[in-house]
Each structure stands twice: as C-alpha cells, then as structure tokens.
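Trainee: Could you take me through one part of this model closely, beginning with the sheet and then turning to the charged side chains? I would like a connected account that I can follow on the structure.

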Amino acid sequence: MNIYKEMEKADYLARYKKLVFTENQIYGFPYESNVYIYITKNEYFDFYLNKSTKNDSKTLDWRPTKKSIERMLEKATILCTVEEFEQNYCYDNNGRTLEKMLFTKLLNQTYVPDTVRFDKGADITINNVPYSVKYLRGRLSDMKTIETAENEK
C-alpha cells in the first residue's frame, strides 16, 4: 500500500464531502443475474485514486471489494435484472443507466439526463430526499472539478 497515495485519496475524499450537495447515496452493482441498489447516508467506501483518461487530473472511482459487495447484499434491494439493465443501457455510461432505471422503476417517470455538478444538486430525488447515484466502477469526481467547486465557494 502506498501511504502517500492513501493520504492523497483521503484528502480529496474529505474535500469532496465538504462540498457535496447530499450525503445520501445509492450505490448500484450487478450480482449474479440481478442489479442491486444499496441506499445509505454519508457512507463512502472503496474509492480508489486513479488518473483521468480525459484530462491531466486524478479521479476518485468506486471499486467495491468482494467483501463490500457481500456486506451490501445484506441490505440491498433488487432493482432489475442484468439483462434489463443492459437493454436500457444509455449514454455509454452505467451510472446514467442506473439513474434511468431508478427514474423509470422507482418513480415511474421518464429519465431526462442532467449535467448538474455534485455540489449543486442531486442525481435523483425520491420522496423529497436527494441522492447521489454511483454504479460499479463509477467516478465520484475528478480533482479538477473538486478544485473548481472549492474556488467558487
């Protein structure tokens, strides 16, 4: 384990948490033939520091371990089958697909994608509760976006 990298990750995660619009999360992941959702509050785990492929920045990406998935399964809910999820795949992005499935399955609404930054709004609101949505291997944020949000405060 690279201690410097772990400290850097912890620093960026703390900075993100100070800025985030909502502390509520919905984590989505496939397991066997279903896609599950795990709903939680202020629980950030299994984020890894990576290098962005789009710009010269680092990213925090969600990479749950097998142990974490087993723990989440104890309280997770089946959203849909993996086959249904794949049939609704949109925008070359699993996170957007998860949002779409949440809108259609839980809210019975048409999904309209947005580009609201993590500090300015939620991905979805259910029963007046805002949530951030992350799917397996999804990006929490890149460091340039966190720095931009900090500079705007």
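Mentor: Let us begin with the sheet, bearing in mind that this is a predicted model. Five strands form an open sheet in the order 5-2-1-7-6, and their pairing is mixed. The edges are taken by strand 5 (77-81) and strand 6, each of which has a single partner strand, so one side of each is left without a neighbour in the sheet. Averaged over the sheet and with direction ignored, neighbouring strands are turned by 35° against each other.

Within that order, strand 1 (residues 24-31) runs beside strand 7 (residues 129-135), the two pairing in the parallel sense over four bridges. To find this pairing on the structure, you can start from Y27, whose bridge partner in strand 7 is K134. Helix 2 (residues 66-73) packs on the sheet, where it touches strand 1 and strand 2 (34-41), and the direction of helix 2 makes about 110° with that of strand 1.

Now to the charged side chains, for which a search of the whole structure finds 11 salt bridges. R15 is a useful place to look, since its side chain meets that of D11 in a salt bridge, with N to O at 3.4 Å, and also forms a salt bridge with E150, where the closest N and O atoms are 2.5 Å apart. The R15 and E150 pair joins helix 1 to helix 5 (residues 143-152), so it ties together parts that are 135 residues apart in sequence. E150 is partly exposed, with a relative accessible area of 27%. The pair of R15 and D11, by contrast, lies within helix 1 (residues 3-19), the two residues being four apart, or about one turn of the helix. D11 is likewise partly exposed, at a relative accessible area of 38%.

Helix 5 also contributes E152, whose side chain meets that of K120 in a salt bridge of 3.6 Å, N to O. This pair links distant parts of the chain, 32 residues apart, because K120 sits in the loop between helix 4 (94-106) and strand 6 (124-126), while E152 is in helix 5. K120 counts as exposed at 52% relative accessibility, the cut-off for that word being over 50%, whereas E152, with a relative accessible area of 48%, is partly exposed. Finally, the K120 and E152 pair should be viewed together with R117 and D119, as these four residues are linked in a network of salt bridges.

How values were computed:
Residues numbered from 1 in each chain as written. Predicted model: local features only at pLDDT ≥ 70, side-chain atom pairs only at ≥ 80, totals over all residues. Heavy atoms only, no water. Buried < 20%, exposed > 50% of the residue type's maximum accessible area, 1.4 Å probe, protein only. Pairing = 2+ DSSP bridges. Axes fitted to C-alpha atoms, helices over the stretch in contact; angles between N-to-C directions. Contact = heavy atoms within 4.5 Å.
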